[in-house]
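Thanks for coming. I will take this one from the overall fold down to the ligand site, and then to the domains.

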Amino acid sequence: MEMENLIEVKNITKAYRKQKALDEVTLGIRRGEIYGLVGNNGAGKTTLLRILCRLLKQSSGELKYAPDVNVSKIGTLIEKPGLYGDMTGYQNLKAKALAIGYRCKKEELTGLLELVGLGDVKKKMTVRYSMGMKQRLGIAMALVGEPELLLLDEPINGLDIQGINDIRNLLLRLNREKGVTIIISSHILDELAKIATRLCVMKQGKIVLDESMEAIENSLNGKTIEEWYLKVNSEA
Ligand SMILES: Nc1ncnc2c1ncn2[C@@H]1O[C@H](COP(=O)(O)OP(=O)(O)OP(=O)(O)O)[C@@H](O)[C@H]1O
Ligand SMILES: [Mg+2]
């Protein structure tokens, strides 16, 4: 069967005892899209991302990937990056490459460290990293193996101003130059709006809005994106 979308989610529900973390979620991720996920704490963003990368199994509903998606080409950063504290950033990247069976030159991994602004901390064990440094390394970890799809849960959380700027440019470049499809959640809505081609607003496990950024911008009528969100969220 032909699949136009890269990923299709159909009526997915994830229930924890009585509570539904996801409630009949249906959506499609197009190729080459930067799909932004936004919603209050507990809305279900992380749960959705976990299900998308099969870290978690849905209670019901269907998840379909286009047949040409290579599972080893999916890069993820979901909640805290899993890092070995007694290893350096480089060693962590190397361990990741080995784990996914990705063979590459040393320069490719050091290049990733440069890319996320960690080129200067070659010897530091990650247990001694600051929060933002861990987050930067988490992004580099997601990029090992030249992923075609990135699933990023709050990747700019804790980054400094320079870091946010660097990561924004990095994601835009990966998307535009390499055609990487990106699904990204963030509470920093201004920032998300700067890169997303589509925004999905979640509330209590449901999708309340899923529209192109262009359509959203056209509907702002002088309102800020924050005002727009608060209205969409309260009316849902
Ligand atoms: N392991 C679990 N057991 C029980 N309930 C859970 C579990 N994981 C998540 N939930 C519940 O599912 C709902 C959605 O959680 P989720 O982490 O997906 O939200 P989120 O949108 O990522 O929130 P945040 O913005 O705070 O990261 C919440 O009500 C949460 O309490
Ligand atoms: Mg979350």
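When I say helix or strand, I mean a DSSP run: H or I over at least four residues for a helix, E over at least two for a strand, each numbered from the N terminus. Counted that way, the chain has eight helices and nine strands. Please keep in mind that this is a predicted model.

Overall dimensions come next. The radius of gyration of the chain is 18 Å, and the globule rule for 236 residues also gives 18 Å, so the chain is as compact as a globular protein of that length. Along the principal axes, the C-alpha atoms fill a box of roughly 50 × 40 × 35 Å.

Now the sheet I want to point out. It is open, has three strands in the order β2-β1-β4, and pairs in the antiparallel sense. Which strands sit at the edges? They are β2, residues 19-29, and β4, residues 60-65, each of which pairs on one side only. From one strand to the next, the twist averages 20 degrees. Strand β1 covers residues 7-16, and its antiparallel pairing with β2 runs over seven bridges. To take one position, K14 has L22 in β2 as its bridge partner.

On to the ligand. Which residues surround ligand 1? The shell consists of Y16, Q19, A21, G39, N41, G42, A43, G44, K45, T46 and T47. Two elements, β2 and α1, the latter spanning 45-52, give two or more residues each to that shell. The most come from α1, which supplies three residues. By class, the shell around ligand 1 has seven polar residues, three nonpolar and one charged.

Last, the domains. According to the domain assignment, domain 1 is made of two segments, 1-69 and 148-236, while domain 2 is 82-147. Their centres, taken over C-alpha atoms, are 25 Å apart. How many residues does each domain bring to the contact? Domain 1 brings 14 residues and domain 2 brings nine. On the domain 1 side, the elements that give two or more residues are β6, residues 149-153, and α5, residues 161-178. The largest share on that side is from α5, with four residues. The side of domain 1 that touches domain 2 divides into eight nonpolar, three polar and three charged residues.

That is what I have. I will leave the model on the screen for discussion.

Terms used:
Residues are numbered from 1 along each chain as its sequence is written. Chains are lettered from A and ligands numbered from 1 in the order in which they are written. This is a predicted model: local features need pLDDT of at least 70, side-chain atom pairs count only at pLDDT 80 or more; totals for chains, interfaces and linings use all residues. Two strands pair if DSSP finds at least two bridges between them. Axes are lines fitted to C-alpha atoms, for helices over the stretch in contact, and angles run from 0 to 180 degrees between N-to-C directions. A residue is near a molecule or strand if its C-beta atom, placed from the backbone, lies within 6 Å of it. Ala, Val, Leu, Ile, Met, Phe, Trp, Tyr, Cys and Pro count as nonpolar, Asp, Glu, Lys and Arg as charged, and the others, Gly among them, as polar. Domain bounds come from an automatic or database domain assignment. Two residues are in contact if their C-beta atoms, placed from the backbone, lie within 7 Å. The radius of gyration is taken over C-alpha atoms; the globule rule is 2.2 Å times the number of residues to the power 0.38.
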